[in-house]
Amino acid sequence: MKLSISKITKLFGKQKALDGVSFSVGKGELLGFLGPNGAGKSTLMKIVTGYLPATSGEIWIDDRQLTTNDAEIRRNIGYLPEHNPLYTDLYVRESLEITAGFYHLKNPKKQVERMIGLTGLGDEQHKKIGSLSKGYRQRVGLAQALIHDPQLLILDEPTTGLDPNQLEEIRQLIRNISLEKTVILSSHIMQEVEAVCSRVVIINKGKIIADGSISEIKQGMM
């Protein structure tokens with residue numbers, strides 16, 4: 001699934017959070033979206049997922065323009081927000097079964113089993129989410145974002161706050177997922193993007209300031 005972002009601007013009152021942002025992501029690409037906190041990363045991701053309307057500009061997924069009320073195209077997007085919104089009183093399997101129910105899947109139990117296996121939640125599936133480490137909570141969030149088998153996956157700061165062991169496990173999980181899906185991963189840490197992605201787009205103060213391979217960016221080339 002190809003994503004094309006064209007001249008996206010977003011205003012909050014008089015504040016310009018995004019200023020003419022344009023770039024594209026090819027089918028099957030794992031793109032790093034890098035910028036300091038407050039640069040506009042999360043705002044753009046919410047626009048791409050259809051949760052927030054742009055003030056101006058267009059989002060195209062393959063040959064179809066995205067709108068905030070286009071439920072069909074949004075079914076092909078998975079989203080893990082920066083602050084992973086989980087119901088901590090639910091059990092892991094219970095939470096995934098509820099999420100699967102939202103999408104009216106043909107075989108929800110089979111898909112829940114698949115997600116538990118893919119994200120390594122087998123030993124944790126009968127535990128309450130509130131008892132899990134942050135690394136396993138991120139796995140639950142990833143499982144929820146993937147449960148409807150989207151072709152485009154948006155991950156907003158998915159590795160923030162993880163310890164070194166959890167960090168490498170989540171990185172490898174994202175690499176595995178990217179073999180079958182188009183993935184955008186945001187971070188404010190260059191090392192995180194470098195560890196997972198082959199290409200990076202850098203944003204600062206709502207504007208794209210660099211777009212290229214990791215080696216090109218490190219060498220100061222665009």
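For my notes, Ala, Val, Leu, Ile, Met, Phe, Trp, Tyr, Cys and Pro count as nonpolar, Asp, Glu, Lys and Arg as charged, and the others, Gly among them, as polar.

**Ground rules.** I'm looking at a predicted model, where local features need pLDDT of at least 70 and side-chain atom pairs count only at pLDDT 80 or more, while totals for chains, interfaces and linings use all residues. Residues are numbered from 1 along each chain as its sequence is written, and side-chain values use heavy atoms, with hydrogens and water left out.

**Entry 1, the pocket.** I looked up the largest pocket (on a 1 Å grid over the protein atoms alone, a pocket is an open set of points with protein on both sides within 12 Å along at least five of seven lines; a cavity is a set where a 1.4 Å probe fits but cannot get out; lining residues have an atom within 4 Å of a point). Its space comes to about 650 Å³, counted as what is filled by probe spheres set on the points, which are joined across faces, edges and corners. I found 23 lining residues, with Tyr51, Thr99, Phe102, Tyr103 and Gln144 nearest the centre. Helix 2 (71-74), strand 6 (77-80), helix 3 (92-102) and helix 5 (134-146) each give two or more residues to that lining. Helices here are DSSP runs of H or I with at least four residues, strands are E runs with at least two, and both are numbered from the N terminus. By class, the pocket lining has 13 nonpolar, eight polar and two charged residues.

**Entry 2, helix 3 on helix 5.** Next I checked how these two pack. Their axes come within 9 Å and cross at roughly 20 degrees (axes are lines fitted to C-alpha atoms, for helices over the stretch in contact, and angles run from 0 to 180 degrees between N-to-C directions). So helix 3 is roughly parallel to helix 5, a label for angles under 35 degrees. Val92, Ser95, Leu96 and Thr99 of helix 3 meet Val140, Ala143 and Gln144 of helix 5, contact being heavy atoms within 4.5 Å. I noted four nonpolar, three polar and no charged residues there.

**Entry 3, helix 5 on helix 6.** Helix 6 (residues 164-178) packs on helix 5 at about 15 degrees, axes 9 Å apart. That makes this pair roughly parallel too. The contact of helix 5 with helix 6 has five nonpolar, three polar and three charged residues.

**Entry 4, the cavity.** I found one cavity of 30 Å³ or more. Its lining is Ile5, Phe23, Phe33, Leu44, Met45, Val48, Ile154 and Ile184, eight nonpolar residues with no polar or charged ones. Helix 1 (residues 41-48) gives the largest share, three residues.

Technical notes: Angles under 35 degrees count as roughly parallel, over 145 as roughly antiparallel, 65 to 115 as roughly perpendicular and the rest as oblique.
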